[in-house]
Amino acid sequence: MALTRRALGGLTIGGTAAFTLAACGGNEGNGGSGAKELIWAIPSAWESWNENTGAGNNSYGHQAMFPKTFGLDGNSSGDFDENGDFHLNDAVFADAKVINEQPFQVEYTLQENAQWSDGKPIRVEDFIFQWYSISGNPEHANQEQAQPASTTYGSKIASIEASDAGVVVTFVEGHLDPEWLYSPTVYLPSHVLEANGFEGWQTDPAIMGNAIEWSEANLIDVVTGPWKPVDSKLGEYVVYEINENYQGSVKPTVEKLTMKVVEGTEAIVTELRQGTIAGAWPSEFMQEEFDKVAEDPNLEQAVYEGGVWIHLDTNVKSEFLKDQALRQAVFTAVNVADSISRIFPETEVSQRLNHFFGQKSEYFVDHLSATGQGSGDVAKAAEILTAAGYTGAAEGETLKTPDGKEVKLVIRYGEGDAARTTISELAQAQLALIGIALELKAIPDGELGTVLTESDFDLVVFGWSGSPTFGSAPGQYFLTDVAYGNYSFPEVDEAIAKVQSTIDVAESAAFANEVEAIVVPLALTLPFYDEPQGIVWNPTIIDGVVPNGNSQAGPIFNVVEWKNA
């Protein structure tokens with residue numbers, strides 16, 4: 001978002017566990033075409049039913065809940081197709097356009113019959129509820145309860161008002177955004193929250209905070225998407241039936257759709273071969289497992305480039321990593337190429353060299369290589385430490401701070417995730433060469449959100465899963481009070497503010513690269529690689545599966561078009 005966190009408006013969190021491959025079987029399971037049910041596997045658990053929050057901003061929860069929202073970032077705005085083109089959600093919106101630049105205003109035209117699955121109309125209060133959820137403003141919601149995963153969009157809104165066409169969003173003075181069309185709009189039904197005791201949410205931030213907290217623990221079954229949930233268990237499964245009031249132009253035909261956790265690529269392939277699931281988007285690409293699918297004439301697989309990239313993050317409130325020189329030395333000693341060659345011996349994968357843009361992007365700029373971060377240059381790392389007053393690194397002894405403390409760090413990674421485990425084990429060996437004792441501590445499946453929000457790490461390996469957008473990524477990765485590593489640098493915040501101060505995409509991208517130039521020397525997040533993406537499915541069970549490296553929902557992006565084979 002593989003431990004993958006989703007960058008809002010632009011990438012998600014999760015973990016995989018490897019399972020032993022069992023004997024394959026026939027096509028007799030619930031995933032089979034003999035029943036009206038389709039079962040799609042989600043590769044890991046999730047911790048919250050509310051995708052707006054830090055704990056809920058999880059790729060696996062997003063996949064599990066996508067059939068009820070059918071939109072980017074867990075809301076109903078729309079999504080990107082396999083070609084990178086954005087499609088407005090026509091179940092809710094007829095149009096969306098800029099109506100004024102100073103102040104910046106956009107108007108959303110609602111479909112004539114835009115409604116929730118209970119038949120109640122979508123209203124301006126639903127937009128306001130979403131705004132208050134992600135504004136980061138304590139006057140809107142108790143922030144200890146709201147804990148928004150990103151405030152990049154919500155904090156820039158000045159007002160939301162009803163219009164003849166639908167809704168007008170007015171932004172704060174100076175704010176412009178070339179990617180405004182991809183912004184979150186409608187997510188939770190405010191009338192349902194009111195019916196559950198939160199009537200005063202618009203005027204009382206304590207009530208709004210309670211409403212958000214309640215929505216994390218309770219899956220709301222009133223939706224805008226093609227399917228409505230009828231049964232569920234947090235972190236395990238969601239069972240859907242068709243939403244008879246769905247207003248989209250393409251109607252769902254699968255009468256019963258189940259999104260169910262099957263942890264790990266090996267276990268997914270086993271169940272696929274047994275016919276108990278229709279397909280999956282494994283979060284960990286394992287060539288040997290995909291080869292098994294390729295060799296089976298009854299199964300299909302696709303491997304493609306996607307938006308998931310893996311990285312190593314620091315916690316700047318860590319006892320030791322609060323020091324920039326130590327962070328720089330750690331990143332310099334870590335050998336990214338070594339990890340890649342171990343994890344992908346037969347797959348062409350290279351080091352990622354920009355936090356916001358891949359090397360194929362016209363906006364790509366490399367500020368990373370010149371620093372030596374990720375190079376595994378132990379001698380250079382030792383020089384950095386010696387110049388900063390540390391002892392032991394150059395001599396191959398225990399590293400000590402200038403005031404004589406032994407440097408000890410803890411790295412967190414997804415339990416059972418072979419790739420993240422390899423990265424962590426290699427980092428342990430590499431940092432030992434400069435005298436740093438690195439303790440390996442796995443993250444139990446489904447608990448990454450908690451580990452990140454509670455800053456329970458010195459170093460952590462996870463992933464961001466994105467879309468073709470980039471505008472909100474600088475804020476989500478590095479903004480004060482938003483970034484998971486407790487980052488708080490005024491110069492970074494000032495640079496981030498400029499990214500959304502123009503409606504020119506190229507200019508906004510240049511501002512993003514200005515952020516890149518500042519954060520790289522700070523050694524906050526070390527990019528590793530863009531992870532190959534793959535999907536597997538059984539065409540005798542399911543029809544309509546399409547690979548999509550642009551959507552945060554992956555192949556689920558067109559779920560409304562799926563059919564029983």
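Contact here means heavy atoms within 4.5 Å. With that in hand, welcome to a tour of this predicted model. Two open sheets set the scene: one of five strands in the order 15-14-16-13-17, and one of seven strands in the order 8-9-10-1-11-18-12. Helices 6, 7, 11 and 15 and a few single residues fill in the picture below.

**Helix 15 and its surroundings**

- Helix 15 covers residues 505–522, 18 residues in total, and its first and last C-alpha atoms are 26 Å apart, close to the 26 Å expected at 1.5 Å a residue.
- Among the elements that cover the buried residues of helix 15 are helix 8 (324–333), helix 13 (473–478) and helix 14 (490–499).
- Those buried residues are Ser508, Ala509, Phe511, Ala512, Asn513, Val515, Glu516, Val519, Val520 and Leu522.
- At the start of the helix, Asp504 brings a side-chain oxygen to within 3.1 Å of the backbone nitrogen of Ala506.
- Just after the helix comes Ala523, with a positive phi near 55 degrees.

**The five-stranded sheet**

- Pairing in this open sheet is mixed, and the strands follow the order 15-14-16-13-17.
- Strand 15 and strand 17 (525–530) each have a single partner strand, so each of these edge strands has one side without a neighbour in the sheet.
- On average, neighbouring strands of this sheet are turned by 30 degrees against each other, direction ignored.
- As a general reminder, strands of a sheet pair through backbone hydrogen bonds, either parallel or antiparallel.
- Seven bridges link strand 14 with strand 15 (residues 437–443), and the pairing is parallel.
- Within that pair, Gly414 has Ile443 of strand 15 as its bridge partner.
- From strand 14 the chain passes through helix 11 to reach strand 15, making a right-handed β-α-β crossover.
- Strand 14 is also parallel to strand 16 (residues 459–465), to which two bridges join it.
- Here Arg412 has Val460 of strand 16 as its bridge partner.
- Strand 14 (residues 408–414) is mostly covered, with five of its seven residues buried.
- The antiparallel side of the mixed pairing can be seen where five bridges join strand 13 (residues 308–314) to strand 17.
- His311 has Pro527 of strand 17 standing opposite.

**Helix 11: two residues to look at**

- Ile423 sits in helix 11 (residues 418–432).
- With a relative accessibility of 2%, Ile423 counts as buried, because the cut-off for buried is under 20%.
- Beyond its neighbours within four places in sequence, Ile423 is in contact with Ile310, Ser339, Ile343, Val461, Phe528 and Tyr529.
- Val336 is 87 residues from Ile423 in sequence, yet their C-alpha atoms are 8.2 Å apart.
- Thr421 also belongs to helix 11.
- Its relative accessible area is 18%, and Thr421 is therefore buried as well.
- Setting aside neighbours within four places in sequence, Thr421 is in contact with Tyr413 and Gly414.

**The seven-stranded sheet**

- This sheet is open too, with mixed pairing and the strand order 8-9-10-1-11-18-12.
- Its edges are strand 8 (227–233) and strand 12 (300–304), and since each has a single partner strand, one side of each is left without a neighbour in the sheet.
- Strand 12 runs antiparallel to its partner, strand 18 (residues 533–537), and five bridges make up the pairing.
- In this pair, Glu300 stands opposite Trp537 of strand 18.
- Helix 7 (residues 287–295) packs on the sheet and touches strand 12 and strand 18, with its direction at about 140 degrees to that of strand 12.
- Helix 6 (residues 265–274) lies across strand 1 (37–42), strand 10 (256–261), strand 11 (279–280) and strand 18, and runs at about 25 degrees to strand 18.

**A loop residue: Gln147**

- Gln147 is found in the loop between helix 3 (143–146) and strand 6 (157–162).
- Its relative accessibility of 40% means that Gln147 counts as partly exposed.
- Apart from neighbours within four places in sequence, Gln147 is in contact with Asn52, Thr53 and Gly54.
- Gly136 lies eleven residues from Gln147 in sequence, with a C-alpha to C-alpha distance of 7.8 Å.

Terms used:
Residues numbered from 1 in each chain as written. Predicted model: local features only at pLDDT ≥ 70, side-chain atom pairs only at ≥ 80, totals over all residues. Heavy atoms only, no water. Helix = DSSP H or I, 4+ residues; strand = E, 2+ residues; numbered from the N terminus. Buried < 20%, exposed > 50% of the residue type's maximum accessible area, 1.4 Å probe, protein only. Pairing = 2+ DSSP bridges. Right-handed = clockwise from strand over helix to strand, strands pointing away. Axes fitted to C-alpha atoms, helices over the stretch in contact; angles between N-to-C directions. Expected span 1.5 Å × (residues − 1). Polar contact = N/O pair within 3.5 Å; in protein donor to acceptor, adjacent residues only side chain to side chain.
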